[in-house]
Every structure is written in C-alpha cells, then in structure tokens.
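Colleague: I would like to go through this chain with you, from a few chosen residues out to the overall picture. Please give the reasoning before each value.

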Amino acid sequence: MKELTLDQWIALRSGLRETLSQESLAAWQQSRLQEQAEYAVAHSRFWQRFYAGADLKKPETWPLLDQDALRRAGMEMLCLPQGEIQRISTLLSSGSSGLPKRLYFSAADLELTIDFFAHGMATMTQPGDRVWIAMNGSSADSLGDLLGRALARMGRIPLLHGEITDPEQASTALRQAQPHCLVGLSRQMLDLCRSTPELRPRTVLLSAENVPTGLRQEIQSIWQTEVYAHWGMRETGLGGAVECHAHQGYHIRHADLFLEIIDPETGKRLSPGHRGELVVSTLNRQAMPLLRYRSGDFAELLDGACPCGSHLIRLGYVEGHEK
C-alpha cells in the first residue's frame with residue numbers, strides 16, 4: 001500500500017485531491033453528514049423516531065444522542081440485517097439502568113478502521129519495523145487484531161502481546177522482542193518503562209487512556225524515545241485521531257468522523273479554542289450510524305496550521321468523562 005500522510009489519505013477518501021482545505025473539507029463533511037442521517041432514518045426504527053420532524057439539512061439543530069439513549073435503543077439502531085454484522089462490541093454499564101452498551105459493525109465499517117490505523121501508524125513507524133502491541137487481540141476484529149492487520153498491510157511486523165495481566169512476564173517478553181515501536185495503555189507503558197529502562201524503542205504510541213504530560217515526559221526521558229498519543233472510542237470504531245511529529249494536537253479521522261465541541265449545560269456548539277464536551281458523528285457507518293453522540297470526553301478543537309503543514313482542524317488534549 002502506498003504510504004500517504006493523513007491529509008493525503010483524507011483528500012483521497014473525500015475526493016478533494018486537488019482542493020483539500022478546511023473550507024472544502026467542512027462542506028464535504030456537511031454533505032456526508034446529511035447523507036448519513038438520511039440513510040439512518042431510512043433503515044433504522046430508532047432514527048426514524050428520534051429525528052421525526054427534524055430538518056436533516058440543518059445538522060446543528062439535530063437532537064443530541066446521549067449514552068443512556070444508545071443503551072436503551074439496542075438493536076433498533078441497526079441499519080443492516082443481523083446476518084451482515086461482523087462484530088458486536090459490548091460495554092457493561094455502571095449506571096443505574098444496568099443496560100449494556102452494544103455497538104455493531106459491518107465488515108466495511110471495520111475496514112475503514114484498518115485503513116485509518118494503517119495510515120496513522122505510518123506516521124511513527126517505518127517499513128520492516130517490529131511493533132509490539134499490548135492491547136486486546138484475543139478475538140477476531142478486536143483492537144489488537146485490527147491494528148496488527150493494518151501494520152502488516154503497511155509492511156510492518158506486528159508482535160501481538162495482548163493485554164498485560166502479568167507485568168513481569170510482559171517485561172521479559174518485551175526484552176526478547178526488542179521492538180522499534182510499542183503500542184499500549186498509558187500507565188501500563190509507564191510501568192514497563194520503569195521495569196525495562198535499558199530498552200530504546202524509537203517510538204511509543206499511548207492509546208485508550210488519558211495521556212498526562214508528566215507520564216509522557218517520564219517515558220520519553222527513560223527510554224529516550226518519541227511518544228505519540230491516540231484518541232479513540234469503541235463508538236468511533238476504535239480509531240479517532242492521532243498525533244503527528246509536531247505533537248500539537250491530534251489529527252482527526254476526518255474522512256469518517258465529524259467532531260463538535262458543545263457546552264455540556266446548554267448543548268450549544270462551541271467554536272475552536274473553547275473547551276467543552278466532545279460530540280461525535282459518523283459519516284459513512286453502515287451497521288450502526290451515530291449522529292451527534294455525546295461522548296462524555298472533554299476537549300477543544302484547534303484551528304490554524306500545524307507545524308507539520310496541515311491546515312485541517314485538530315483535536316486538543318482529551319480528558320475522559322470529566323463531569
């Protein structure tokens with residue numbers, strides 16, 4: 001597969017190869033957002049009811065979808081027959097209702113995530129690199145499995161360790177692997193760094209948790225490595241946004257996701273530079289589209305040019321479920 005920057009990948013996916021800018025991308029996303037809503041309403045009983053009377057040409061007026069509504073809706077949100085569902089991701093609830101949150105993905109939905117992972121990982125790895133993955137990969141289409149397939153597609157060598165349950169065993173395995181890049185949870189990577197200070201991986205990708213500045217700096221100092229951060233949720237199909245070499249915000253998966261920041265009290269959309277709750281909409285999800293979904297994460301959008309050369313809006317530091 002040809003290695004593209006994330007902006008080049010977005011330009012290819014959006015059909016904006018010659019004209020990609022924040023303005024042209026925003027117009028394309030609004031068109032795709034409306035088409036996704038029309039698709040959802042046409043194929044899902046939930047969305048038919050939820051958007052009854054809504055003006056689908058004005059996304060900013062659509063009602064917000066919260067996590068409780070997602071749990072209650074269940075399979076009514078499906079837009080495909082059950083036989084076309086490739087993966088079901090279940091998150092148990094700690095809330096009063098006790099209902100689990102179930103997310104459904106088609107094979108095409110998962111392929112979009114693999115495609116994003118492939119081009120995102122190209123930012124911090126090189127062909128032939130050994131990439132040690134300390135994420136769940138015990139089942140088909142799990143996070144580790146998808147990431148491993150993406151890396152192999154780009155000519156990297158995935159080394160799937162899986163979730164770390166035995167820190168001592170993980171340290172031994174890591175010393176044996178001598179990877180060029182590590183992928184894992186922030187605090188687990190910090191523990192590994194402290195237990196194997198002699199290692200010198202070229203890069204480390206922290207994902208699935210907040211990435212505090214002090215934690216990042218300690219890993220960089222001990223391993224003498226470059227630390228990247230990724231934001232994503234199961235609702236986004238796991239992939240969401242990833243840092244570039246400049247480390248000045250996360251470059252968003254703009255070809256598949258539209259992100260907004262809202263005031264959590266009023267629901268009003270906030271402009272770039274203002275911190276609030278992150279709201280996620282999918283742009284081309286087949287099995288279970290999500291539209292104006294309140295993530296529970298807090299962040300801000302960053303406009304202006306990134307030192308890497310991108311002029312597209314980025315995602316600022318994300319803090320999970322700050323309430």
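**Residues and overall form**

Modeller: S281 is placed in strand β11, residues 276-282. Bear in mind that this is a predicted model.

Colleague: Is S281 buried or exposed, and what is its relative accessibility?

Modeller: The cut-off for buried is under 20% relative accessible area. S281 falls under it and counts as buried, because its relative accessibility is 0%.

Colleague: Which residue offers the backbone nitrogen that the side chain of S281 reaches?

Modeller: Leaving aside neighbours within four places in sequence, the contacts of S281 include L33, D256, L290 and R292. One of these has its backbone nitrogen 2.8 Å from the side chain of S281, and that residue is R292.

Colleague: Where is L290, and what is its relative accessible area?

Modeller: L290 sits in the loop between β11 and β12 (293-299). Beyond four places in sequence, L290 touches W47, L65, L70, M77, E235, V280, S281 and T282. L290 is buried, because its relative accessible area is 1%.

Colleague: How far apart are the C-alpha atoms of L290 and L257?

Modeller: L290 and L257 are 33 residues apart along the chain. Their C-alpha atoms are separated by 9.7 Å.

Colleague: D256 was among the contacts of S281. With which side chains does the side chain of D256 make polar contacts?

Modeller: D256 lies in the loop between β9 and β10 (257-262), and it counts as buried because its relative accessibility is 3%. Its contacts beyond four places in sequence include W9, R13 and L112. The side chain of D256 makes a polar contact at 2.8 Å with the side chain of R253, and another at 2.6 Å with that of R13.

Colleague: What separates the C-alpha atoms of D256 and L112?

Modeller: D256 and L112 are in contact, although their positions lie 144 residues apart along the chain. The C-alpha separation is 7.8 Å.

Colleague: Which elements do the buried residues of α1 pack against?

Modeller: Helix α1 covers residues 6-14, where L6, D7, W9, I10, A11 and S14 are buried. These buried residues pack against two helices and two strands: α2 (22-43), α5 (107-121), β8 (241-243) and β9 (250-252).

Colleague: What lies 3.4 Å from a polar atom of the side chain of S14?

Modeller: S14 is in helix α1. S14 counts as buried because its relative accessibility is 9%. The partner at 3.4 Å is the backbone oxygen of A11.

Colleague: Which residue follows α1, and what is its phi?

Modeller: The helix is followed by G15. Phi of G15 is positive, near 75°.

Colleague: Which residue other than glycine has a phi near 55°, and where is it found?

Modeller: Most residues other than glycine have a negative phi. The residue with the positive value near 55° is found in the loop between β8 and β9. At 25% relative accessibility this residue counts as partly exposed, and it is H247.

Colleague: What is the relative accessible area of Q178?

Modeller: Q178 lies in the loop between α7 (167-177) and β5 (181-184). Its phi is positive, about 45°, although Q178 is not a glycine. Q178 is partly exposed, with a relative accessible area of 41%.

Colleague: How far is the C-alpha atom of A305 from that of Q34?

Modeller: A305 is in the loop between β13 (301-302) and β14 (314-315). Beyond four places in sequence, A305 touches S310, H311 and R314. Q34 is 271 residues away along the chain, and the C-alpha separation is 28 Å.

Colleague: Now the whole chain. What is its radius of gyration?

Modeller: The chain has nine helices and 14 strands, and its C-alpha atoms fill a box of roughly 60 × 45 × 40 Å along the principal axes. With 323 residues, a compact globule would have a radius of gyration near 20 Å. The chain agrees with that, at 20 Å.

Colleague: What share of the residues counts as buried?

Modeller: The chain exposes about 14,200 Å², and carbon and sulfur atoms supply 49% of that area. Of the contacts between residues at least 6 apart in sequence, 59% join residues at least 24 apart. Of the 323 residues, the share that counts as buried is 52%.

Colleague: How far apart are the mean positions of the positive and negative charges?

Modeller: The chain has 33 positive and 38 negative charges. Their mean positions are apart by 2 Å.

Terms used
Residues are numbered from 1 along each chain as its sequence is written. This is a predicted model: local features need pLDDT of at least 70, side-chain atom pairs count only at pLDDT 80 or more; totals for chains, interfaces and linings use all residues. Side-chain values use heavy atoms; hydrogens and water are left out. Helices (H or I, at least four residues) and strands (E, at least two) are DSSP runs, numbered from the N terminus. The radius of gyration is taken over C-alpha atoms; the globule rule is 2.2 Å times the number of residues to the power 0.38. Buried means under 20% relative accessible area, exposed over 50%, partly exposed in between (1.4 Å probe, protein chains only). Contact means heavy atoms within 4.5 Å. Accessible areas come from the Shrake-Rupley method with a 1.4 Å probe; for residues, only the protein chains shown count as cover. Lys and Arg count as positive and Asp and Glu as negative; His and the chain ends are not counted. The place of a charge is taken as NZ of Lys, CZ of Arg, CG of Asp or CD of Glu. A polar contact is a pair of N or O atoms within 3.5 Å; within protein, one must be able to donate a hydrogen and the other to accept it, and residues adjacent in sequence count only if both atoms are side-chain atoms.
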